[in-house]
Structure formats: C-alpha cells, structure tokens
Amino acid sequence: MMKIYNTMSRKKEEFIPREEGKVSIYACGPTTYNFFHIGNARMFLVFDTIRRYFAYRGYKVTYVQNFTDVDDKIINRAREEGMDPLALSGKYIAEYFTDAAALNIKPADVHPKATEHIVDMLEMIKTLISKGLAYEVDGDVYFEVRKFPGYGKLSGRSVDDLRSGARVDVDERKKDPLDFALWKAAKEGEPYWESPWGKGRPGWHIECSAMSLKYLGPGFDIHGGGGDLVFPHHENEIAQSEGFMSGGTFARYWMHNGFITVNQEKMSKSLGNFFTVRDITAKYPGQVVRFYLVGTHYRSPLDFDDQKLEMSKKALARLYTTSNLVKEALAREGTGAGAGGEQLLQSVKHAEAEFVAAMDDDFNTALAAAALFDLSKEINSFVSDYAPSAAGHQALRQALEAFARLGDVLGLDLLQPEQSQNDNLVDKLMELIIGIRSQARQNKDWPTADKIRDGLKEAGIVLEDTPQGVRWKRKL
RNA sequence: GGCGGCAUAGCCAAGUGGUAAGGCAGAGGUCUGCAAAACCUUUAUCCCCCAGUUCGAAUCUGGGUGCCGCCUCCA
C-alpha cells in the first residue's frame, strides 16, 4: 500500500488511483526566462523520482509538466536582453532539456506550453464569467474569490485571514484585493492574443488549470509543485478549476516539496544566492547532484553547499564501486563450489523489500537509499572472498540487476555507462602506462611506480593494485 | 499580525509509542612493497529545554527557546 502526504488534508493518505493501475500526475513546471536553479531542480527531480517509482510499481503513468512560456518575468527579461519574449522562452525551454538530462530527469509524457493553449484558457475564462465567478474590468478579467466557498482549503487560510494580512497594493478596480487575474490586457509592446475582452495574455494560474484538465481530466491523481505554490497558485487553480467544473474535485492528492536553502536562507533571485544547475554540473557530475537531492526526504528543507556535495560524491562512489566489483568478479572464471549464492539472493530480496517499503511510505528516498547501501555492503562482502562458479555468477548477475534496478528508480545509473565510454585511445594509453608501472613494480622500483600512480591521480585517474591485477578508474 | 514547518552523533540524514537506519569523517584490524578499494570491529545510555500522559516517548500533550518558510513574482 502506498501512502502519500496530501497537503489538502495535511496527513499521509493511502494512495488510491482514480483508475486502477493508472496514475496521472501534473507538476507545475518552470517559467522559462533563465537556466533553472537547484531549487527548481529539486522539484523536477522529486516528481521524476515519483513517476519512476510508480512505473516500477507497475502503474501506467501519465506525467504532465508544463512550461510557462509567457509571463511578466519573461517579458521583462526579454526587454533587458533586447529579445523577443517568445524567442527567449523558446531558448530556455531548450536549455531545460539539456540540464534535465544532466540530472537524469526524463522528459514528461506531455510538456504543454501556455502559449499553445490560449484557446483552452479562453474557453475556461468565458465559462467562469458566464457562471458569475469572474468579471471583466478594462480588458482584464478577474476571478472573484468570494464567490468560491472553498477558497483557502488547500493552504488552510480563510479569506478573512488573508485580507487582514494582505500586503499587496490594492487595485481599486478589483472587487476584492484577493481577486486574481485570469486575463491581462496587453500593454504596449507586450505579446498578446485576441480575446473577447481585447488584446491580452493569460494570467499565470489559469494555464495550469486549463492544461491539467485538458491532458489529465477532472479529478486526476496528483498535482504537485514547490511548497511556495500552495498559496496562491494552487489555491487559485482549485478555485478556478472547481468553479469551472461545477462539482467534483480538481485534483485528488496535492504534493509539495520542501525548499532548498543556501546558508540556511531561502535561495532567491533577490538575495542573489541562487545556483543554476548549469553552474553546478560544471563542477559536479549530475549524478552526484541527484544523489545529494534524493538523500533527503522531499518534504524536508535541504541546505545546499559544496561540502555536502563532496560527501555525496564519496557516498555515490561507494555505490559505483559495488557495480565495478561485481563486473570484475563476473569477468573471472572458475569452477568453485558457489557457496553463499543463496544467502546473497536472500539479501537482494530483503533489500528490495526494504526499498519498496521506504518508497511506499510517502516516497522516503533517504530510507530507500539506505537499503541500497545495505545491499551494496552485502554484495561487496560476497565478492571479497569470491571463488568464481556458475552458481555464484548467476547470483551475482541477479544481485547486480536488482541493484541497478533500484538505483534507476532514484534516477541513479549505477552501471555508469559514462565510465565505459572511454575511447580507445585512453584505454590504449592506460594499458601502456600500467604495463610500464608493472615492470617497475617487478623491479621493486617503488619510486617510479608511486610517481606514476600519484601523477595519474593528479590527472583524475585512480590506480588500485589488487590480487587480480591493476584496476583503474576515473575519479568522480 | 495571521498560517505552517523544523530542531536526532563532528557533519549529512532516516526513524512519529517499545527502547536510536544509512552515508561522510574518525579509531583499531585484515589485505598491500606502500597505498587505494573492499571487508571486520568501533564511534549518540541518548534524540533543543521544562513539565505532563503512559508499564514504557526521540516519537503523544502543554509551555519555553532557536531556526526557517508562506501570507507579494518565486520550485
């Protein structure tokens, strides 16, 4: 049984899909006016991991993540750059996929763009006006919050609380300060679309309602995003969607990830303490970044700094070592008795059960990772005094397969294809260098042997002398 | 002012009633020419403080302290 913490109820609830065996997920994607930062990355990665786990559990997953490709931030940025706003957002949509790939975030099943769904939004806005839930003023259209009785149910606030705390500059044309824009009249030089209320563009919230309903239908399973979207974004989505639907639930489970802080402070553009994934992956492999992020439960806050990435790098290296040790052991031949294989398979089974139990409990990736480390230790231990045999190889293959399968749920490629992507030239050179060093070692010329080893380490290559021969690998 | 979250070893981090996972770092050992990797052993009598409930609490309740977030664009 899977349990999910639902922001709506503030409790973990058993997950019961709308349709048996299927799960529909909508996550609010980025506004494409810049490279995305590590905070955005956490959200993408959290939902990528969730969808991977659902798939692992046998669900047919439909995952939708939008691009907000027209809004104030894009327009302002485009103005600064002297670029066309839509060209700017198009550029950063492309960059999104580059960075997402570095973090092993899979493309969603659908990546709808706001600008390609103007018609859907217009239909929705028209309906809301005809139902008396929205009104037009000077080419703007606002949703009338007071007309939606459930307003505040997601964020646990009442309209009155919100009003008293409102720090917003009051727009006198609005009936209530909390009323939010569904449609904004275009100012000079802004991109616009024709509408019954004149030239304009959609408000931010309406796109997610229109696109999620279009691709997933009313009452879809999971709607998610960063914690700061609870209010007002998701609250507004609920109001306009459920107002539009007239009855029924917009989305059934609301999931929100915790924030990333830097030096214990919220990362934000205004504080200037944000890091783009583009910058981080220039210094650390995407896999390390990913491993770091899944090491903390998605709802907990997470502080980001290089020192912590260093720790993650070492921890990940440990996992990689396991898969290398297994590959090495499998390359050996022999006709041993095959002792211990049964026990190893028992451990594999146990680890996988632990992993599933952890993930079933509101996607506890930190606990799931611990199961991976337990399995790693079992495998290493088995390999450390392994006498090759047919049965042993069989057990090892199964163990490695399970190890990689579980790693993949977390988005980790424990088989490290990048390691095997060394070109021929490097392989040849290493063969040569190792040969020379072996000669030196045979002559007990330790200074030369050590010089080679140290020099290679400087260059990012680690040499290890083992009873089975010399092993080399690139440093992470 | 309103709403919410978090405080666990040197560091990171699970654990929400039954006596403290996992990782990094550290210590000792096996292996090694020396290393590295791996393996074995070890590292919190205690989970911010106080009071309470309970046979029993890091886990529940009340109070306090500290930190953070939302209420405004923001993942």
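Modeller: Domain bounds here come from an automatic or database domain assignment. This is a predicted model, where local features need pLDDT of at least 70 and side-chain atom pairs count only at pLDDT 80 or more. Residues are numbered from 1 along each chain as its sequence is written.

Biologist: What domains does the assignment give chain A?

Modeller: Domain 1 covers 3–257, domain 2 covers 302–415 and domain 3 covers 422–474. The C-alpha centres of domain 2 and domain 3 are 27 Å apart.

Biologist: Why is helix 1 called roughly perpendicular to helix 9?

Modeller: Helix 1 spans residues 38–56 and helix 9 residues 286–294. Their packing angle is about 75 degrees, and their axes lie 10 Å apart. Axes are lines fitted to C-alpha atoms, for helices over the stretch in contact, and angles run from 0 to 180 degrees between N-to-C directions. Angles of 65 to 115 degrees count as roughly perpendicular. So helix 1 is roughly perpendicular to helix 9.

Biologist: Which residues in helix 1 and helix 9 meet?

Modeller: Contact means heavy atoms within 4.5 Å. Ile38, Arg42, Leu45, Asp48, Thr49 and Arg52 in helix 1 meet Val289, Arg290, Leu293 and Val294 in helix 9.

Biologist: What makes the residues of this contact divide as they do into nonpolar, polar and charged?

Modeller: Val, Leu and Ile are among those that count as nonpolar, and Asp and Arg among the charged; Thr falls with the others, as polar. That gives five nonpolar, one polar and four charged.

Biologist: What share of chain A counts as buried?

Modeller: Buried means under 20% relative accessible area, with a 1.4 Å probe and protein chains only. Of 476 residues, 51% count as buried.

Methods
Chains lettered and ligands numbered in written order. Heavy atoms only, no water. Helix = DSSP H or I, 4+ residues; strand = E, 2+ residues; numbered from the N terminus. Parallel < 35°, antiparallel > 145°, perpendicular 65-115°, else oblique. Buried < 20%, exposed > 50% of the residue type's maximum accessible area, 1.4 Å probe, protein only.
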